[in-house]
Amino acid sequence: MADPRPHPEDPIAEHIDAGRGAWKSKLGFILAASGSAIGLGNIVFFASNAYQYGGGAFYLPYFIALFVLGIPVMILEFSMGTMTGQSFPLALRKLVGKRGEYVGWWSLSSALFITMYYITILGWALAMMIGAFGGLLTEPATAPFEGMTTPTDGPNATVYFFGMIASWWPVLAVATVWALTILSLWRGTRTIEAMVRVFVPLMWLFMVVLIVRGLTLPGGVDGVLYLFTPNFDGIRDVNVWQGAFAQMFFSLSLGLGTMTAYASYLPKDADQINNSMVVSFMNCGFEYIAGVAIFAMLFVFSLNPAGTTLSLSFFVIPQGIAAFPFWVKAFGVFFFFLVVIAGLTSAVSLVEGMASALIDKLGVTRARALAYVTAPGIVGSIAFALPFVVDPGLTGDGTLGLTLLDLLDHWAFRYALLTVGLMECLLIGWVLGPEKLRAVVNRHSKFHLGPWFDWLIKLVIPAILIFVLVGTLWQDLTGGLYGSAYEIRGAEWLPVVIPIFWFVATLVLAGLLTSRPTHAHADHNVPAV
Amino acid sequence: MKGLLLALAAALLAPVAAAQFTLTPLPYEESEEPPEVPIAGRPVQITLDEPVDRVEVVWRPNSAIPDTVVLDATGTSFVWRPTRAGVARIALVRGDERIEENVSVRYDRYPGSGIFILIIAGTILFGGAGFAMGKLLGEEAPPELPLDT
């Protein structure tokens, strides 16, 4: 069906600049937004947290977090995009002034750092996928670290991983992932939509295949029921609630500017309540089925489901796959391909969030905006893949690249998203007034938000986010400087320098971009309210 | 990333621990065939290579709510009757040395609470997604943004 809307280069097209474009269909937007939300963490996060905090009992804080925090903030971020037709920083500027724009640019500056190492992790996943064709899951492994120099008795994913990151191969994989990302973004919504129409259904299909494999293993059903059987002892622990709220924010990719950017390509009358519900439920539904697949497998092989995204994805799950009775290589390739496409759809949205903001602010072409983002992005991703062994005893992370990644991830990911979420709620809640946003949203939706939404945005969600942030900060202040126990040869100062560098660099970058004059077309757009 | 080291340690230690003791599920009644794997409520024979000071079972290890049970273990062979299903870590303690191995104990009967939450959670998530998607696809599509192309 021919697209009846004005071509993006048509000068009379409402709030569509050259290079911004618009979604061709609602389904395209939904697939893109859900692809953005569903990433690496969704595959293992829920299973790990549910195991740690009491199985099915974890669903209590999880659903509270979804309905009280996740969906409302998603409605907020989507609505900002459609109301203004702008990316995150300029949407905030339109709604609440220059302070909002600064918050938006700070969010995207942090997102740039997060994107750098996110793509590095995807590069590792790509390299592991290629390794699954070879000896990753079938042959002994070695790595240049203490206790790993002699071949293991059988396949060992942990040793294989450390051997891989201590080589230059991941740099090639990282470059490949960046190339795929740029290709997906080259024509904006046209190429993004084409990509997600293939990859997002594939993600679901591959996960279903893993579920079938997990459930048909002897004891797989027991594993799934163990995941869902509640143990309410953990509910009394405040960390459970902090973990659930934080996880919901990270899981739905809020506070990164991506949802606002994607929604800015929709018409103003898009139903953002419905869109938020579809994307949020699909995201959490994917975590549900991923939990089933992963837990079934880990239980059968008595593997511990607790751990970080990295350790579960690259150590524990491959170790489980290596124990499959047949088609070991096929399932290994399947799993890592799933990780790559889940991560790629998220990486594309991260870069698009930044590129669209630069197009809006500076009036540059898409190609130039992509260059502004990908040039430092590629340099950063390669830095996180550097194979130099600085910690041969593996007191920390082993290589320089993984050490840098670990340190930056600890500060950027844990604080940036939640802080941005807090600021956007406070700005919309106390500067613009949530009733104005709610009136616009309700005008275009079959569902209606009541005044309770205003109280959520103004008070409840900020209180929750402050609760989580303070708890996180308290852990950092009382637990010693993160990374200080690592024995990093020649770079013991990294745990101090990295957080300072991230904080200062993002503040400065946000200030520079806020102070630059805004491109005329973006400034003359129809007022949001 | 702290879990990274823990997972690494677990992955590296497991093969060594496997040689220290064996688990042999016993039949519930003499006339029965013994199960192949440990099952909640059914006896399991634990045979050690050497005597130890203490044998511990940690239910839900590496979680926020681990539950440690010290077994009544004497000599190199004794019977353990797991009181619940789930992932457990059996730890042999000999002085300062600690050797651990994970074991999965299956259900004797599938738990109603687990089935209930499995169904309810799935219904909320997929029912919610289906409901919202139905609204999305059921409405009249404006010409500028069709439902699908």
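User: How many residues of chain B are in contact with chain A in this predicted model?
Analyst: This is a predicted model, and it scores ipTM 0.88 and pTM 0.90. On the other side of the contact, chain A puts in 59 residues. For chain B, the number in contact is 50 residues.

User: Which element of chain B gives the largest share of the side that touches chain A?
Analyst: The elements that give two or more residues there are helix 1, strand 6 (86-94), strand 7 (97-105) and helix 2 (112-138) of chain B. One of them supplies 16 residues, the largest share. That's helix 2 of chain B.

User: And by class, how many residues on the side of chain B that touches chain A are nonpolar?
Analyst: Take the other classes to begin with: 11 residues are polar and 4 are charged. The nonpolar count is 35.

User: Where in chain B is confidence lowest?
Analyst: Chain B has a mean pLDDT of 82, with 81% of its residues at 70 or more. Strand 3 (residues 54-59) of chain B sits at the high end with a mean of 94. Over residues 1-19 of chain B, though, pLDDT is below 50, even if that stretch has 34 contacts in the model beyond near neighbours in sequence. The lowest mean, 43, belongs to helix 1 (residues 2-17) of chain B.

User: Why be careful with a stretch like that?
Analyst: Residues 1-19 of chain B have pLDDT below 50. Where pLDDT is low, the thing not to read in detail is the predicted coordinates.

User: What is the strand order in the open sheet of chain B?
Analyst: The sheet has 3 strands with antiparallel pairing. Strand 1 (21-25) and strand 5 (77-80) of chain B are the edges, each pairing on one side only. Strand 1 of chain B pairs with strand 2 (residues 44-48) of chain B over 5 bridges. So the order reads 1-2-5.

User: Which residue in strand 2 of chain B stands opposite Phe21(B)?
Analyst: Strands 1 and 2 of chain B pair in the antiparallel sense. Opposite Phe21(B) stands Leu48(B).

User: Over in chain A, are helix 5 and helix 15 parallel or oblique to each other?
Analyst: Helix 5 (residues 98-133) and helix 15 (residues 366-384) of chain A pack with their axes 8 Å apart, at an angle of about 50 degrees. That angle makes helix 5 of chain A, relative to helix 15 of chain A, oblique.

User: How many charged residues are in the contact of helix 5 of chain A with helix 15 of chain A?
Analyst: Residues meeting there include Phe113(A) and Met116(A) from helix 5 of chain A, and Val373(A) and Gly377(A) from helix 15 of chain A. By class the contact has 8 nonpolar and 5 polar residues. As for charged residues, there are none: no charged residues.

Methods: Residues are numbered from 1 along each chain as its sequence is written. Chains are lettered from A and ligands numbered from 1 in the order in which they are written. This is a predicted model: local features need pLDDT of at least 70, side-chain atom pairs count only at pLDDT 80 or more; totals for chains, interfaces and linings use all residues. Axes are lines fitted to C-alpha atoms, for helices over the stretch in contact, and angles run from 0 to 180 degrees between N-to-C directions. Helices (H or I, at least four residues) and strands (E, at least two) are DSSP runs, numbered from the N terminus. Angles under 35 degrees count as roughly parallel, over 145 as roughly antiparallel, 65 to 115 as roughly perpendicular and the rest as oblique. Two residues are in contact if their C-beta atoms, placed from the backbone, lie within 7 Å. Ala, Val, Leu, Ile, Met, Phe, Trp, Tyr, Cys and Pro count as nonpolar, Asp, Glu, Lys and Arg as charged, and the others, Gly among them, as polar. pLDDT is the predictor's confidence in each residue, from 0 to 100. Two strands pair if DSSP finds at least two bridges between them.
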